Amino acid sequence: MPPPSSAQQKVLTAQFLSLTGATERQATKFLKSTGYKINEAVDAFYSSGNEVKGPSPTESKLDAQFDTLRDAKNDEKDKMELESTMEYLSSKLNISLENAELFVALELLQAPSVGEITRRGYVDGWKTAGAGTTHKEHASHIQRLSSALATNPVLFKRVYKYTFVAGREGDQKALSLENALIYWGMLFSPPGMLWKSENHDWLDLWKTFLDEKWTRSVNKDMWNMALEFALKSVADESLSFWNEDGAWPSVIDDFVEWCRGKGIGKQETMEVDAEQ
């Protein structure tokens, strides 16, 4: 793989300097030794025993920036509460609070809840992202990530799984069904992944099934396995990947049975064959 252009090398060097506070000579040394892979270069820098006293320039800027976003009168020192968080997300990052963009930002900042951002999450999140230190740069980074959600399954899965963490209320271990339905609707709609196949709107079927048959909360296993089922059902709407001896949770088993009761899934093919 050819080395990056001179312009790209300058950008990577600037990122390395802002992340580590190292000298330009050190930046050049570690970037060259790792083929200009920024994360590997930073890891190599610290692994070799190099330490920089105090926070890096990027950390200092982000830390000071966090204080401008926090409500000094109503928020704790190291936390943005609900009002400050929503104001920051909507007015500074220009993201919609009604679709998956919200969860892209919350995952990047490792927000402990939908309405809370911590100082550590803010500083570490933006530092690790290497997205600069201005709100404009951060907003652009979130938009780039959001635009890739539907086509990048690794990114989508990471955001999806973190939604469960941030979406819980207080010390609850599960999501309320009401909130889970809202979050599924946000994640499986643009700019998120569509849970649809050629003949079926699986998200609509899933929500209808839960409205009719499910009264309990949504635990972590149910949340995560719903994504696995979504990915497989989009690729195979006959649901032939499912079998009753599989490791699916019972709610997925019941959903498949409910679908087949409506003539959806493998049974569709069987009925066509019988008619022929």
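**Packing around helix α5 and the nonpolar cores**

The buried residues of α5 sit under a cover that includes α4 (57-69), β1 (79-80), α6, β2 (117-118), α7 (119-129) and α8. This picture comes from a predicted model. Helix α5 itself spans residues 82-92, and its buried positions are Ser84, Thr85, Met86, Tyr88 and Leu89. Right after the helix, Asn94 adopts a positive phi of about 55 degrees.

Two of the covering elements, α6 and α8, also meet one another. Helix α6 (residues 101-108) and helix α8 (residues 135-148) have axes that come within 10 Å and cross at roughly 115 degrees, and the crossing is right-handed. On the α6 side, the contact is made by Glu101, Val104, Ala105 and Leu108, while α8 brings in His141, Ile142, Gln143, Leu145 and Ser146. Sorted by class, that makes 5 nonpolar, 3 polar and 1 charged residues.

As for the nonpolar cores, the largest one holds 69 residues, and Tyr122, Trp184 and Trp206 have the most contacts inside it. Leaving aside residues up to four places away in sequence, Tyr122 touches Leu62, Gln65, Phe66, Leu69, Met80, Tyr88, Leu109, Ile117, His135 and His138. One of these partners, Tyr88, belongs to the buried set of α5. There is also a second core, separate from the largest, with 12 residues, among them Ala22, Leu31, Tyr36 and Val42. In soluble globular proteins, nonpolar side chains tend to be buried together.

Notes. Residues numbered from 1 in each chain as written. Predicted model: local features only at pLDDT ≥ 70, side-chain atom pairs only at ≥ 80, totals over all residues. Heavy atoms only, no water. Axes fitted to C-alpha atoms, helices over the stretch in contact; angles between N-to-C directions. Helix = DSSP H or I, 4+ residues; strand = E, 2+ residues; numbered from the N terminus. Left-handed = near helix turned anticlockwise from the far one by under 90°. Contact = heavy atoms within 4.5 Å. Nonpolar A, V, L, I, M, F, W, Y, C, P; charged D, E, K, R; others polar. Core = buried A, V, L, I, M, F, W, Y, C linked by side-chain atoms within 4.5 Å. Buried < 20%, exposed > 50% of the residue type's maximum accessible area, 1.4 Å probe, protein only.
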